[in-house]
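The following exercises ask you to read strand pairing, helix packing and burial from a single model, each with a worked solution. Please have the sequence and the coordinates open before you begin.

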Amino acid sequence: MRYLTAGESHGPQLTTIIEGLPAQLELLAEDINTELARRQGGYGRGRRMQIEKDQAQITSGVRHGKTTGAPIALVVENKDWTHWTKVMGAEPISEDEEKEVKRKLTRPRPGHADLNGAIKYGHRDMRNVLERSSARETTVRVAAGAVAKKILKTFGIEVAGHVLEIGGVRAVETDYTSVADLKERSEASQVRCLDEQASEQMIAAIDQAKQDGDSIGGVVEVVVQGVPIGLGSHVQYDRKLDAKIAGAVMSINAFKGVEIGIGFEAARLPGSRVHDEILWTEEDGYTRKTNNLGGFEGGMTNGMPIVVKGVMKPIPTLYKPLQSVDIDTKEPFQASIERSDSCAVPAASVVAEAVVAWEVANALLETFGSDRVDAIAENIRRHKEEAKDF
Ligand code: EPS
């Protein structure tokens, strides 16, 4: 399977095309819209989210609620487009019109793609960079992820995400009894955090950042439960599923780090306290006593839940000005902006779920793939039976 996204933050719409989905998968726009609404929420979002009401339109590949095997195209409209038709239109505009719309951007924001993208592509108007580098693009990644989640759910695999840290406030109470419990409790928190006390403190930290004209980042975690043993492979570097997942999480806008399982903590512990001891029971087959390695050994899943953390830096669009240089005048200036989110970590946890779900679903289809859902189900059933008594 593969997917691509297209679309600008203030353009008419965002699009994704998904290729390689099996036929006979039940898929409704509602499955996607639920995920889009989750991404739009979370405490700390700015005014843009009051304008948008993200809804996916399925424009190909699904008929009467089921996939046909043809590429799926999903489209999400930008409601804000109505305010940007001139600035973002595909038709040429005259110099006078350009002056009139006065939206040429020559002042790069520190921490954003603006300057590097402008130099790379030769854009004197950095809007050509920021419109595409904007996290608005994650809308359709969540749409593609919703399709991946649907595949996983069909085969008994559940994905959930939550927030562990925002602006230096860390969740202490992070235990959950099941993925269902994790989902329910994170959904109930405005910052998608299981720890109620920490949630309050995170909200206060976001309020403070907003008041200061600043932004704050954090840490999110994604858990995938019910994964068969042996997704990914040890035989080639580019087939290791943990590496693909790490790459996918790092590709989310503003993410600066990824950990699998206990991650960097493994550097501080002896091997005897890191590696997960192997158990076998008639009922469950092979399991591990602990899950420090986050469901991976040798780049392959070991049947334990996949556990991935990602670090999001504070959003670089600040009300508090940081020093930069105007690319036309070369004069220093203090950047200031009109509109931003002070914290998008809760939303980013939904994006992280989506990109992880995509990689796992893709690996699942690689290993058990077929053109039809019923044949894949049979392949997985047989594999699980064999693995249990292996
Ligand atoms: C973003 C800036 C803001 C955010 C946007 C990401 O948008 P605007 O420039 O329109 O105020 O709201 O996020 C989204 C639109 C979204 O859907 O998540 C940026 O510069 O990255």
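**Exercise 1.** Determine how strand 9 and strand 15 pair, and which residue of strand 15 stands opposite Gly-218.

*Solution.* Strand 9 and strand 15 (residues 306–312) are paired in the antiparallel sense over 7 bridges, where two strands pair if DSSP finds at least two bridges between them. Within this pairing, Gly-218 stands opposite Met-312 in strand 15. Turning to strand 7 (residues 158–166), one finds that it pairs with strand 9 in the antiparallel sense over 8 bridges, and that Val-163 stands opposite Val-220 in strand 9. As for burial, strand 9 (residues 218–225) is mostly covered, since 7 of its 8 residues are buried; buried means under 20% relative accessible area, exposed over 50%, and partly exposed in between, with a 1.4 Å probe and protein chains only. The strands and helices named throughout are DSSP runs numbered from the N terminus, helices being H or I with at least four residues and strands E with at least two.

The model is predicted, so local features need pLDDT of at least 70 and side-chain atom pairs count only at pLDDT 80 or more, whereas totals for chains, interfaces and linings use all residues. Residues are numbered from 1 along each chain as its sequence is written, and side-chain values use heavy atoms, with hydrogens and water left out.

**Exercise 2.** Establish the order of the strands in the open sheet of 4 strands, and say which strands stand at its edges.

*Solution.* The 4 strands of this open sheet follow the order 1-2-6-3, with antiparallel pairing. Strand 1 (2–6) and strand 3 stand at the edges, each with a single partner strand, so one side of each is left without a neighbour in the sheet. From one strand to the next the twist averages 20°.

The individual pairings can then be followed across the sheet. Strand 1 is joined to strand 2 by 5 bridges, the two running antiparallel, and the bridge partner of Thr-5 in strand 2 is Thr-16. Helix 7 packs on the sheet, touching strand 1, strand 2 and strand 6, and its direction makes about 30° with that of strand 2. Strand 2 (residues 13–19) in turn pairs with strand 6 in the antiparallel sense over 6 bridges, with Val-75 in strand 6 as the bridge partner of Thr-15. Strand 3 (residues 56–60) is joined to strand 6 by 4 bridges, again antiparallel, and here the bridge partner of Ala-56 is Val-76. Strand 6 (residues 72–77) is mostly covered, with 5 of its 6 residues buried.

**Exercise 3.** Describe how helix 7 crosses helix 1 and helix 11, giving the angle and the distance of the axes in each case.

*Solution.* Two packed helices are described by the angle between their axes and the distance between the axes. Axes are lines fitted to C-alpha atoms, for helices over the stretch in contact, and angles run from 0 to 180 degrees between N-to-C directions.

The axes of helix 1 (residues 29–40) and helix 7 (residues 138–154) come within 9 Å and cross at roughly 135°. That makes helix 1 oblique to helix 7, because angles under 35 degrees count as roughly parallel, over 145 as roughly antiparallel, 65 to 115 as roughly perpendicular and the rest as oblique. The contact, meaning heavy atoms within 4.5 Å, involves residues including Ile-32 and Leu-36 of helix 1 and Val-142 and Ala-146 of helix 7.

With helix 11 (residues 345–368), the axis of helix 7 comes within 7 Å and crosses at roughly 45°. Helix 7 and helix 11 are therefore oblique to each other. Among the residues that make this contact are Gly-145 and Ala-148 of helix 7 and Ala-357 and Trp-358 of helix 11.

**Exercise 4.** Decide whether Arg-136 is buried or exposed, and locate it in the chain.

*Solution.* Arg-136 has its place in the loop between helix 6 (127–133) and helix 7. At 4% relative accessibility, Arg-136 counts as buried. Leaving aside neighbours within four places in sequence, Arg-136 is in contact with residues including Arg-39, Glu-52, Asp-54, Val-76 and Glu-77.
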